[in-house]
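The following paragraphs lead the reader through a single protein chain, from its overall dimensions to selected residues. The sequence and the structure should be kept in view throughout.

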Amino acid sequence: GADLKERAKMHSSEVSSFVSRARATINELANLPVPTIAAIDGTALGGGLELALACDIRVAASSAKMGLVETKLAIIPGAGGTQRLPRTIGVSLAKELIFSARVVDGEEAKSIGLISHVVDQNEAGDAAYKRALALAREFLPQGPVAMRVAKLAINQGMEVDLVTGLAIEEACYAQTIPTKDRIEGLLAFKEKRPPRYKGE
């Protein structure tokens, strides 16, 4: 999260500018056309959790600490937290966490759907990072165009009604049809070999 000692020295106009830049940066992360995975091995409070919420998938150590604690400081999450947390865990539970400024550990975060995977911390302190890398390795062999448009279809579809979402899916699927990768995938399946995708 933000450096609160630094924030206390800022003029109110500087705070607005700082939060606006943070929001823009986090939105850029959310809009990356590739899968993103947040690995939370320590503490992700306030802006740190907002950054993680902008990722497609979150992995945390059981000992990790997460929360949107801004109401404790008489402010609210300002870099997407009030919008992304309810979309991730549901409106009522998001309100409870934001209103109480509650901090949860990895186990509770997993039970409420805030994270996808919880792992026991290791001696090196990088258990979530290692699990995130393992997930990324599962994604790597897939067709790059398909990964990009799948993310686009999911992200855009979640913001609209089902009928519109299905139209978005159809339009995204259509982008995969003329690709060389689609032909390569079919050939690789027929020839019983791993595909060699090039993102074309």
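About how much area does the chain expose, and what share of it do carbon and sulfur atoms supply? The exposed area is about 12,000 Å², and carbon and sulfur atoms supply 59% of it. The model discussed here is a predicted one. Along its principal axes, the C-alpha trace spans about 60 × 40 × 30 Å. The chain has 200 residues, of which 34% are buried. Its secondary structure consists of 10 helices and 6 strands. Among the contacts with a separation of 6 or more, 55% are between residues 24 or more positions apart.

The strands may be considered next. Strands of a sheet pair through backbone hydrogen bonds, in either a parallel or an antiparallel sense. One open sheet contains 3 strands in the order β1-β3-β6, and its pairing is parallel. Strands β1 (37–40) and β6 (117–119) stand at the edges of this sheet; each has a single partner strand, so one side of each is left without a neighbour in the sheet. From one strand to the next, the twist averages 15°.

The pairings within this sheet can be followed residue by residue. Strands β1 and β3 pair in the parallel sense over 4 bridges, and Ile37 has Ile57 in β3 as its bridge partner. Strand β3, which comprises residues 57–61, is joined to β6 by 3 bridges, and these two strands also run parallel. Here Ala61 stands opposite Val119 of β6. The two faces of β1 can be told apart: Ala38 and Ile40 make up the covered face, while Ile37 and Ala39 make up the uncovered one.

The loop between α2 and β1 contains Thr36. Is Thr36 buried or exposed? With a relative accessibility of 7%, Thr36 counts as buried, because the limit for that class is under 20%. Apart from its neighbours within four places in sequence, Thr36 is in contact with Leu29, Ala54, Cys55, Asp56, Ile57 and Lys151. One of these contacts, Ile57, is also the bridge partner of Ile37 in β3.

A further open sheet of 3 strands has the order β2-β4-β5, and its pairing is mixed. Its edges are formed by β2 (43–45) and β5 (104–105), each with a single partner strand, so one side of each is left without a neighbour in the sheet. Strand β4 covers residues 65–67 and is joined to β5 by 2 bridges, with the two strands running antiparallel. In this pairing, Lys65 has Asp105 in β5 as its bridge partner.

Two loop residues deserve attention for their backbone angles. Most residues other than glycine have a negative phi. Ala74 has a phi near 65°, a positive value in a residue that is not glycine. Ala101 likewise has a positive phi, of about 60°, although it is not a glycine. Where are these alanines placed? Ala74 lies in the loop between β4 and α4 (81–89), whereas Ala101 is found in the loop between α5 (91–100) and β5. Their surroundings can also be described by accessibility. Ala74 has a relative accessibility of 73% and therefore counts as exposed, the limit being over 50%. Ala101, at 5% relative accessibility, counts as buried.

The helices supply the remaining examples. Phe18 has its place in helix α2, which runs over residues 12–30. At 25% relative accessibility, Phe18 counts as partly exposed, because this value falls in between the limits of under 20% for buried and over 50% for exposed. Phe18 and Leu162 are 144 residues apart along the chain, and their C-alpha atoms are separated by 37 Å.

Which residues form a nonpolar patch on the surface? Ile183, Leu186 and Leu187 do so, with about 260 Å² of accessible area together. Leu186 lies in helix α10, which comprises residues 180–191. With a relative accessible area of 51%, Leu186 is exposed.

Methods. Residues are numbered from 1 along each chain as its sequence is written. This is a predicted model: local features need pLDDT of at least 70, side-chain atom pairs count only at pLDDT 80 or more; totals for chains, interfaces and linings use all residues. Side-chain values use heavy atoms; hydrogens and water are left out. Patches are made of residues with over 30% relative accessible area and no salt bridge: like charges are joined within 9 Å, nonpolar side chains (Val, Leu, Ile, Met, Phe, Trp, Tyr) within 5 Å. Accessible areas come from the Shrake-Rupley method with a 1.4 Å probe; for residues, only the protein chains shown count as cover. A salt bridge is a side-chain nitrogen of Lys or Arg within 4 Å of a carboxyl oxygen of Asp or Glu. Buried means under 20% relative accessible area, exposed over 50%, partly exposed in between (1.4 Å probe, protein chains only). Two strands pair if DSSP finds at least two bridges between them. Axes are lines fitted to C-alpha atoms, for helices over the stretch in contact, and angles run from 0 to 180 degrees between N-to-C directions. Contact means heavy atoms within 4.5 Å.
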